[in-house]
Amino acid sequence: MTDGVKKVVTGAPWEEQFGYSRAVELPNGLVLVAGCTSVIGGQIAGGGPYDQTVNSFNVAFEALKQLGLGPEDVVRTRMYITHARDVDEVGRAHKELFDAVRPAASMIIVSGFVDPSLVVEVEVEAFRPEAQRGGAA
């Protein structure tokens, strides 16, 4: 399935190593952004759950920006965290970023990530209305 599918590759090392795109836009306007962590320039940025959450969503926003979309186009978020104690800080960051947008959201506790310094990973789904798709179905 490649007709009308747009892909965003950011050059992150895992994209090439594991064979995935940071974001994929389908012809129906749905945009799926892969899991994003607080890795910036190859280094983990922000130590705590709040800062890691903001950084992780900013990585997702950069992918959306390459498709001409922004946080206001987000319709669903998923936040994966390693500790229940981080729920409030991760939730606070989410509220600050999405309070006006109010996407569907899930927060899931997982056992860990590829680097134990990471405490949160996020996924984002966005939607481009048909009127903004340049005639694509």
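Is F98 buried or exposed, and what is its relative accessible area? F98 is buried, with a relative accessible area of 2%. The close-ups below start from this residue and then visit other parts of what is a predicted model.

**View 1. F57, F61 and F98 form one aromatic cluster.** Let us begin with F57 and F98, whose ring centres are 5.1 Å apart with the planes at 75°, so this pair is edge-to-face. F57 belongs to helix α2 (residues 49–66) and F98 to helix α3, so the contact ties together parts that are 41 residues apart in sequence. The second pair, F61 with F98, is also edge-to-face, at 5.7 Å centre to centre and 70° between the planes. Here too the partners sit in helix α2 (F61) and helix α3 (F98), so parts 37 residues apart in sequence are tied together. Solvent has little to do with these rings: F57 has 0% relative accessibility and counts as buried, and F61 is buried at 12%. In the whole structure, the count of aromatic pairs comes to 3.

**View 2. T53 in helix α2 and V122 are 7.5 Å apart in space, C-alpha to C-alpha.** In sequence, T53 and V122 are 69 residues apart. T53 counts as buried, at 0% relative accessibility.

**View 3. Strand β6 pairs with strand β8 and with strand β7.** Please look at β6 (residues 74–81), which is mostly covered, with 6 of its 8 residues buried. Its pairing with β8 (residues 120–127) is antiparallel and runs over 7 bridges; in this ladder, V74 stands opposite A126. With β7 (residues 104–109), β6 pairs in the parallel sense over 6 bridges, and Y80 has I108 as its bridge partner there. Between β6 and β7 the chain passes through helix α3 (residues 87–98), a β-α-β crossover that is right-handed.

**View 4. R78, E123 and E125 are linked in a network of salt bridges.** Stay with β6 for a moment and find R78, whose side chain meets that of E123 in a salt bridge (3.4 Å, N to O). R78 lies in strand β6 and E123 in strand β8, so the pair ties together parts 45 residues apart in sequence. R78 also forms a salt bridge with E125, and there the closest N and O atoms are 2.9 Å apart. This second pair links distant parts of the chain as well: E125 in strand β8 and R78 in strand β6 are 47 residues apart. How covered are the three members? R78 is buried, with a relative accessible area of 19%, and E125 counts as buried at 16%. E123, at 22% relative accessibility, counts as partly exposed, because buried means under 20%.

**View 5. E15 forms a salt bridge with R22.** Their closest N and O atoms are 3.5 Å apart. Both E15 and R22 are buried. In total, the structure holds 8 salt bridges.

**View 6. W14, F18 and V114 form a nonpolar patch on the surface.** We finish on the outside, where these three residues together have about 330 Å² of accessible area. F18 is found in helix α1 (residues 13–18). With a relative accessible area of 54%, F18 is exposed, whereas F98, from the opening question, is buried at 2%.

Notes: Residues numbered from 1 in each chain as written. Predicted model: local features only at pLDDT ≥ 70, side-chain atom pairs only at ≥ 80, totals over all residues. Heavy atoms only, no water. Buried < 20%, exposed > 50% of the residue type's maximum accessible area, 1.4 Å probe, protein only. Helix = DSSP H or I, 4+ residues; strand = E, 2+ residues; numbered from the N terminus. Pairing = 2+ DSSP bridges. Right-handed = clockwise from strand over helix to strand, strands pointing away. Patch = residues over 30% accessible without salt bridge, like charges linked within 9 Å, V, L, I, M, F, W, Y side chains within 5 Å. Areas by Shrake-Rupley, 256 points an atom, 1.4 Å probe, with all protein chains shown as cover. Salt bridge = Lys/Arg side-chain N within 4 Å of Asp/Glu carboxyl O. Phe/Tyr/Trp six-rings, centres within 6.5 Å; stacked < 30°, edge-to-face > 60°.
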